Amino acid sequence: MTTKNNIAIQFNEVSYSSDGMQILSNITGSFPEGSITTLVGPSGAGKSTLFKLCNGLQSPNSGEIYIKEKNINDYVPTELRRNVGMALQQATMVSGSVQKNLALPLELKGEQISADTAKDFMNMVGLDETYLQRNVKDLSGGQRQKLSIARTLVNRPQILLLDEITSSLDRVSQQDIEKLIININEKYSTTIIWITHNLQQAREIGHYTWVMMAGEVVESGETSLLDSPKTEPVQQFIKGEEQ
């Protein structure tokens with residue numbers, strides 16, 4: 001298994017603003033390779049913006065970002081997004097079958113997905129291969145999210161960004177997704193970075209945690225920091241979330 005001491009993503013004094021509004025300020029820190037790192041913090045803290053910087057959807061105004069020790073500016077965008085996959089809270093689908101959606105990342109590269117490969121990815125996320133011919137509109141929320149993750153994994157990313165992917169799911173579906181992500185991390189040594197508003201989820205799945213507030217990383221380290229935060233803002237945030 002990949003050692004957790006290597007760095008998957010490194011931020012060096014990264015700042016980002018848009019329309020005159022400062023969204024991220026001097027972000028410095030790293031995400032360990034082969035680990036699950038959770039991002040927590042109040043709404044508007046800049047967590048989703050940080051994700052967009054990680055896969056090149058947005059570019060910082062200052063500072064440097066390294067993906068696997070390579071400057072993000074040295075990546076071809078398509079290569080970067082194959083290496084750094086993202087799954088969102090809203091599992092957006094194109095109309096049609098499950099297989100059509102699963103094949104989309106390869107079709108964008110002018111390739112096709114084989115029947116065996118499609119079945120493998122369905123099995124990977126715990127969906128029966130018979131679902132391949134179903135219409136996506138007939139899937140439950142949990143099934144759509146599993147398909148979204150499978151579609152992201154088709155490019156075999158080394159780093160997987162997850163943005164609130166269980167927040168709209170019932171508890172059983174949420175637990176299914178959590179088990180799936182833990183399994184992907186353990187089986188394939190995929191680096192996982194997961195934005196969640198659920199502190200209990202962060203505690204249960206994260207090896208490491210970043211607490212973000214007002215565009216800054218206020219505390220970071222092993223996830224146990226959520227049980228004994230050092231700064232008053234983080235103490236107050238956790239107290240408010242758990243009331």
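These exercises work through a predicted model, one feature at a time.

**Exercise 1. The aromatic cluster**

Task: Classify the ring pair of Phe11 and Phe31, and say where each residue lies.

Solution:
- Step 1. A pair of aromatic rings is described by the distance of the centres and the angle of the planes.
- Step 2. Rings pair if their centres lie within 6.5 Å. The centres of Phe11 and Phe31 are 6.3 Å apart.
- Step 3. Planes over 60 degrees apart count as edge-to-face. The planes of Phe11 and Phe31 stand at 85 degrees, so this pair is edge-to-face.
- Step 4. Phe11 belongs to strand E1 (residues 7–18) and Phe31 to strand E2 (residues 21–32). The pair therefore ties together parts that are 20 residues apart in sequence.

Task: Which kind of pair do Phe31 and Trp210 form?

Solution:
- Step 1. Planes under 30 degrees apart count as stacked.
- Step 2. Phe31 and Trp210 have 20 degrees between their planes and are 4.2 Å apart, centre to centre. Their pair is stacked.
- Step 3. Phe31 is in strand E2, and Trp210 is in strand E9 (residues 208–213). The two are 179 residues apart, so the pair links distant parts of the chain.
- Step 4. Put the pieces together: Phe11, Phe31 and Trp210 form one aromatic cluster.

Task: Are Phe31 and Trp210 buried or exposed?

Solution:
- Step 1. Buried means under 20% relative accessible area.
- Step 2. Phe31 has a relative accessible area of 0%, so Phe31 is buried.
- Step 3. Trp210 has 4%, so Trp210 is buried too.
- Step 4. Phe11 is also buried.

**Exercise 2. Charges over rings**

Task: Which ring lies under Lys70, and which under Arg134?

Solution:
- Step 1. Lys70 lies over the face of Tyr75, 4.4 Å from the ring centre.
- Step 2. Arg134 has its charged end over the ring of Tyr131, at 3.9 Å from the centre.

**Exercise 3. Strands and their partners**

Task: How many residues of strand E7 (residues 159–163) are buried?

Solution:
- Step 1. Count: 5 of the 5 residues are buried, so E7 is largely enclosed by the rest of the structure.
- Step 2. Sort by direction. Ile159, Leu161 and Asp163 point one way, while Leu160 and Leu162 point the other way.

Task: Trace the pairing from E6 through E7 and E8 to E3 and E9.

Solution:
- Step 1. E6 and E7 are parallel, with 5 bridges. Ala87 has Leu162 in E7 as its bridge partner.
- Step 2. E7 also runs parallel to strand E8 (residues 191–195), joined by 5 bridges. Here Leu160 has Ile192 in E8 as its partner.
- Step 3. E8 pairs with E3 in the parallel sense over 4 bridges. Thr38 stands opposite Trp194 in E8.
- Step 4. E3 pairs with E9 in the parallel sense, again over 4 bridges. Thr38 stands opposite Thr209 in E9.
- Step 5. Check the burial of E3 (residues 36–40): 5 of its 5 residues are buried.

**Exercise 4. The largest pocket**

Task: Describe the largest pocket and its lining.

Solution:
- Step 1. Its volume is about 630 Å³.
- Step 2. The lining has 22 residues, and those closest to the centre are Arg81, Met86, Pro105, Thr152 and Asn155.
- Step 3. Helix H2 (77–83), strand E6 (84–88), helix H3 (98–107) and helix H5 (141–153) each give two or more residues to the lining.
- Step 4. E6 gives the most, with 5 residues.
- Step 5. Sort the lining by type: 10 residues are nonpolar, 8 polar and 4 charged.

Notes
Residues numbered from 1 in each chain as written. Predicted model: local features only at pLDDT ≥ 70, side-chain atom pairs only at ≥ 80, totals over all residues. Heavy atoms only, no water. 1 Å grid on protein atoms, 1.4 Å probe; cavity = no way out; pocket = protein on both sides within 12 Å on 5 of 7 lines; lining within 4 Å. Points joined across faces, edges and corners; volume = space filled by probe spheres on them. Nonpolar A, V, L, I, M, F, W, Y, C, P; charged D, E, K, R; others polar. Phe/Tyr/Trp six-rings, centres within 6.5 Å; stacked < 30°, edge-to-face > 60°. Buried < 20%, exposed > 50% of the residue type's maximum accessible area, 1.4 Å probe, protein only. Lys NZ or Arg CZ within 6 Å of the ring centre and 35° of its normal. Pairing = 2+ DSSP bridges.
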